[in-house]
Amino acid sequence: MRSAPEGDLDFFPFRDEHRVVALPLGHPLAGNGTVTLAQTRNDPLVVNIISGSGTPGLRATTSPGRPIVEVNNVDEWLEAIAAGRGIGASTSSTVTLHPHPGVIYLPLKDAAPVSVLIAWRSLDSHPHTAHFVAAAKRWSRFRPRD
C-alpha cells in the first residue's frame with residue numbers, strides 16, 4: 001500500500017492488463033491476429049476523454065496531425081468505432097465488459113500494459129473498505145495472469 005502525495009488516498013496495484021485495439025468490423029486489419037502501433041498510427045483515434053485508458057504516452061505514438069475523435073463515455077466510444085469514425089485502444093478487460101457486434105478487439109502487441117489500481121480515501125473510508133481491500137489483495141495473488 002502506498003499513499004498518494006495528497007495523503008488522503010491509499011492504493012495498491014491490483015493487476016496489469018494488456019492493451020487491445022478496437023476496430024470496426026470492415027477495417028483492413030480486422031482479420032489479423034495481432035496489431036502493432038505502427039499499423040494503426042494513421043487511423044483516426046477515438047478517445048474517451050472522461051474515463052478512457054488512452055494515456056498521453058499512447059497518443060504520443062501517433063502521427064502528427066492524426067485526427068482525434070473525442071467522446072464522453074464507453075457507449076459513444078464503441079458507436080464511433082463501429083460507425084468507422086476511427087479506431088480505439090483499451091485494455092483486455094474491455095473485450096469482456098464491453099462487447100459490440102460492430103467492433104472487433106485484437107491484441108496490441110507492442111503497447112505497454114496498463115496497471116489497474118484499487119484506490120480508496122484513507123481518512124474517511126467506508127467501514128467495510130478494509131475488508132474489500134483485503135479480499136481484493138487475496139484474489140489478485142491467486143488470479144491467473146492474462
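## A walk through the predicted model

Both faces of strand 6 are covered, since Gly88 and Ser90 on one side are buried, as are Ala89 and Thr91 on the other. This is a predicted model, and strand 6 is a convenient place from which to begin reading it. In a regular strand the side chains alternate between the two faces of the sheet, and in strand 6 the two sides are represented by Gly88 with Ser90 and by Ala89 with Thr91.

Strand 6 belongs to an open sheet of 3 strands, which follow one another in the order 6-3-7 with antiparallel pairing. Strand 6 (88–91) and strand 7 (103–107) are the edge strands of this sheet, each of them pairing on one side only, and from one strand to the next the twist averages 35°. Strand 3 and strand 6 run antiparallel and are joined by 4 bridges, and within this pairing Arg19 stands opposite Thr91 of strand 6, a residue already met among the buried ones of that strand. Strand 3, which spans residues 19–24, also pairs with strand 7 in the antiparallel sense, here over 5 bridges, and Leu23 has Ile104 in strand 7 as its bridge partner.

From the sheet we can turn to helix 3, which comprises residues 74–82 and whose buried residues are Trp77, Leu78, Ala80 and Ile81. These residues cover an arc of only 165° around the axis, and therefore they lie on the same side of helix 3. A general property of helices is useful here: an α-helix has 3.6 residues a turn, so residues three or four places apart point the same way. The buried residues of helix 3 are covered by elements that include strand 3, strand 6 and strand 7, together with strand 4 (45–48), strand 5 (68–71) and helix 4 (92–97). At the N-terminal end, helix 3 is capped by Asn73, which has a side-chain oxygen 3.1 Å from the backbone nitrogen of Asp75, while just after helix 3 comes Gly84, with a positive phi of about 80°.

Another helix offers a single residue to examine in detail, for Thr40 is found in helix 1, which covers residues 37–40. Thr40 counts as buried because its relative accessibility is 4%, and a polar atom of its side chain lies 3.0 Å from the backbone oxygen of Leu37. When its neighbours within four places in sequence are left aside, Thr40 is in contact with Val21, Leu29, Val35, Arg66 and Ile87.

The last topic is charged side chains, and here the count comes to 2 salt bridges. In one of them, the side chains of Asp8 and Arg121 meet with a distance of 2.8 Å from N to O, and this pair links distant parts of the chain, as Asp8 sits in the loop between strand 1 (2–3) and strand 2 (9–17) whereas Arg121 is in strand 8 (residues 114–121), 113 residues apart. How far are the two partners buried or exposed? Asp8 is buried, because its relative accessible area is 16%, whereas Arg121 counts as partly exposed because its relative accessibility is 44%. Glu17 also forms a salt bridge, with Arg15, and the closest N and O atoms of that pair are 3.9 Å apart; both Glu17 and Arg15 are buried.

Note on methods:
Residues are numbered from 1 along each chain as its sequence is written. This is a predicted model: local features need pLDDT of at least 70, side-chain atom pairs count only at pLDDT 80 or more; totals for chains, interfaces and linings use all residues. Side-chain values use heavy atoms; hydrogens and water are left out. Two strands pair if DSSP finds at least two bridges between them. Axes are lines fitted to C-alpha atoms, for helices over the stretch in contact, and angles run from 0 to 180 degrees between N-to-C directions. A salt bridge is a side-chain nitrogen of Lys or Arg within 4 Å of a carboxyl oxygen of Asp or Glu. Buried means under 20% relative accessible area, exposed over 50%, partly exposed in between (1.4 Å probe, protein chains only). A polar contact is a pair of N or O atoms within 3.5 Å; within protein, one must be able to donate a hydrogen and the other to accept it, and residues adjacent in sequence count only if both atoms are side-chain atoms. Contact means heavy atoms within 4.5 Å. The arc is that of the directions from the helix axis to the C-beta atoms.
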